[in-house]
Amino acid sequence: MSDAPVVAENSALICFGAMSFVTGAGAGIAPFAVPLAVLAAIGLRFRAGKRANCCVAAQDAALEALRASKEFDDEVLARAAVLLEDRSRKIRIEPARMVDAAEAGGAKDFDRELAKHLMRGVYFERGEEAVRRAIEIAFVTAIGTCRRHPDIDRDLTQTFLIESARSQSIAIERLEVMGAKVDEILRLLRESGALHQAEVAGVTGFAIQMLVQKIAPEVENTEQALHELERAVEIAVRVREEGRHGSNLGDFVDEVLRRSAELAAKGGYDAADDEIEEALRREAEESRAREVRLLERGVDTALLKRDAATGAKRIARRTELKLPDGANLYDALRAVQVEWFERYERDKGVNLDLEVLIRLGEIALQAAANPDERVRSLNDLGFQLYTLGKRESGTARLEEAVSAYQAVLKEWTRDCMPLDWAMTQNNLGNALGTLGERENGTVRLDQAVAAHRAALEEYTRDRVPLDWAMTQNSLGNALGTLGERESGTERLEEAIVAYRAALEEYTRDRVPLDWAMTQINLGTVLTIIGERENGMVRLNQAVAAYQAALEEYTRERMPLEWATTQNNLGNALQYLGKQEGGTARLEEAASAYRVALEEFSEEETPSYWAATKQNLQMVLKLIEDRQ
């Protein structure tokens, strides 16, 4: 029975942690909830006095119960101790399930039902029934002791447990989702080798956890969050390496760099950035070369802190310090913006780089010395805000983009600058169209259509054929979204006209990818009309459009776009099959869905994978019913 005390201790910790969690342990556990999931047993560390006495009593009772059973040898208890130690690190309390356990078991079986809940996730090997029974005995005994301990009063009564669990279910579910996202990002980072690189460089695991904690809540897409994290890890490694080698700018600067590198390596990004900020203040009056070097590091630490505003401010200051005598600061800031946009495109679209670009644009706008400089900065800002707004789920950035473009149009009038005016009208239409997709009603979409049609008054086919085609495609997008929200097909027919006009200049030989994109847009609208009209002509045209697009959207060149188009093709074929009778078209649809699933995966593209899998199951059911 030498391992029985370990089993009893771990069981008491887990039970007490679980029950403390649903009776107000949030304050103690909150700091660990997002980066480390919900480790309820940690709640014990933040309790003292009566609650701690209760846990000790639960431990003693569990130990006595194990000894009284007289059926567990050392091997069984050693295995139970290992499993409980592992469970204490991975425990995830699910209040909704605790409610179910309480209500299903009633007063008599509540302890046993809750014990079963706590044992979820404990993996037993075959033939380990004795191990399972030992853990269950320890759990049931510990839970009962906690609930009935005289020092607890009413805090852990069954009714209060249920009420508390219900009130916290939604919050904990959100934390669970975030915890799962954090786990997934860390797994992908480990697989990419970036985690090993950071560890070799001396960046601690806790420092990486802190980076994930900063990035995961603000970037919705897991793949994008991983991309952001990989970039942050590169910066953290660079900071660590440079902190070791020094700067040749004096002992003071080297010491600041060393301390900031050590703080960043341990996850103290705010402290590392504060270190730089303080040094900058001290060095401002001494040496331009030293300040430039510190600013370069300060950009890195600000980015590690996810502080785009401070990063942009330091970039602008560095630009000003390095500016030759007589040079124009506005022109220099514009050149830096070009460099950052090239970096954004090279790095395949890091959100933080866009944030920096926006902040640099705001600084350039303040530095503008005349109306022409001001309007060009506003136009840049509109584009950057729109690009970032498309990635985010809200509408704030898009609203700012619309305001920027509207301000530009007050200066770039049609009479004075017709082509720039048309370009801005088209950009305004794109921002309004994206806003309209996210809002109820059709006001924004109608405004988008009007902006695109205005642009076409100067973007004529004879004058600028590719810009004309681009605007026709944008017009088709706005009309198509409007048509989806209306019961008739008038707007959808207008969208078809716009897409077919675009294809007159967006030819496969000239711009193959734009041609394929427009074919897909055309196929989408044709599919909607065909479904509404219960006719086969439009659906056959949709199938032809998707098949044409797949000639350029190949799996080797654009795997995800290829898979998405295959899924859309499957939808059109499925609608055709429903109207034609027989199973030929349905079999073609099933084939399209199957090849799409070769590229979509549950881990990397879960929403696309789930939708396509559901489509495949639906069409297979139709085939089965007709055979």
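How much space lies in the second largest cavity of this structure? About 30 Å³. I'll come back to that cavity in a moment, but hello everyone, and a quick reminder before we go on: what you see on the screen is a predicted model.

Let's stay with cavities for now. The structure holds two of them at 30 Å³ or more. If you zoom in on the second largest, you'll find its lining made of E228, R231, A232, I235, L303, R306, V350 and L352. Which helix gives the most to that lining? That would be α10, residues 222-245, with four residues. As for the character of the wall, five of the lining residues are nonpolar, three are charged, and none is polar.

Now let's turn to helix packing, and please rotate to α18 and α19. Helix α18 covers residues 396-411 and α19 covers residues 418-438; they pack at an angle of about 155°, and their axes are 9 Å apart. An angle over 145° counts as roughly antiparallel, so that is how α18 runs relative to α19. The crossing of α18 past α19 is left-handed. On the α18 side, the contact includes L398, V402, Y405 and L409, and these residues and their neighbours in the contact meet a set from α19 that includes W421, L428, L432 and L435. Sorted by class, this contact has 11 nonpolar residues, five polar and two charged.

Next stop, α25 and its two partners. Take α26 first. Helix α25, residues 559-580, packs on α26, residues 584-597, at an angle of about 165°, with 7 Å between the axes. These two are therefore roughly antiparallel as well, and α25 passes α26 in a left-handed crossing. From α25, the residues in contact include W562, A563, L573 and L576, along with G570 and G577; from α26, they include L586, A589, A592, Y593 and A596. The class count here is 10 nonpolar, six polar and four charged.

And the other partner of α25? That's α23, residues 512-533, packing on α25 at about 25° with the axes 10 Å apart. Since angles under 35° count as roughly parallel, α23 is roughly parallel to α25. Here too the crossing is left-handed. The residues involved are I520, T527, G530 and E531 from α23, and T565, N568, A572, Y575 and Q579 from α25. Which classes do they fall into? Three are nonpolar, five polar and one charged.

So, to put α25 together in one picture: α25 is roughly antiparallel to α26 and roughly parallel to α23. That's my tour, thanks for listening, and I'm happy to go back to any of these views.

Note on methods:
Residues numbered from 1 in each chain as written. Predicted model: local features only at pLDDT ≥ 70, side-chain atom pairs only at ≥ 80, totals over all residues. Heavy atoms only, no water. Axes fitted to C-alpha atoms, helices over the stretch in contact; angles between N-to-C directions. Parallel < 35°, antiparallel > 145°, perpendicular 65-115°, else oblique. Left-handed = near helix turned anticlockwise from the far one by under 90°. Contact = heavy atoms within 4.5 Å. Nonpolar A, V, L, I, M, F, W, Y, C, P; charged D, E, K, R; others polar. 1 Å grid on protein atoms, 1.4 Å probe; cavity = no way out; pocket = protein on both sides within 12 Å on 5 of 7 lines; lining within 4 Å. Points joined across faces, edges and corners; volume = space filled by probe spheres on them.
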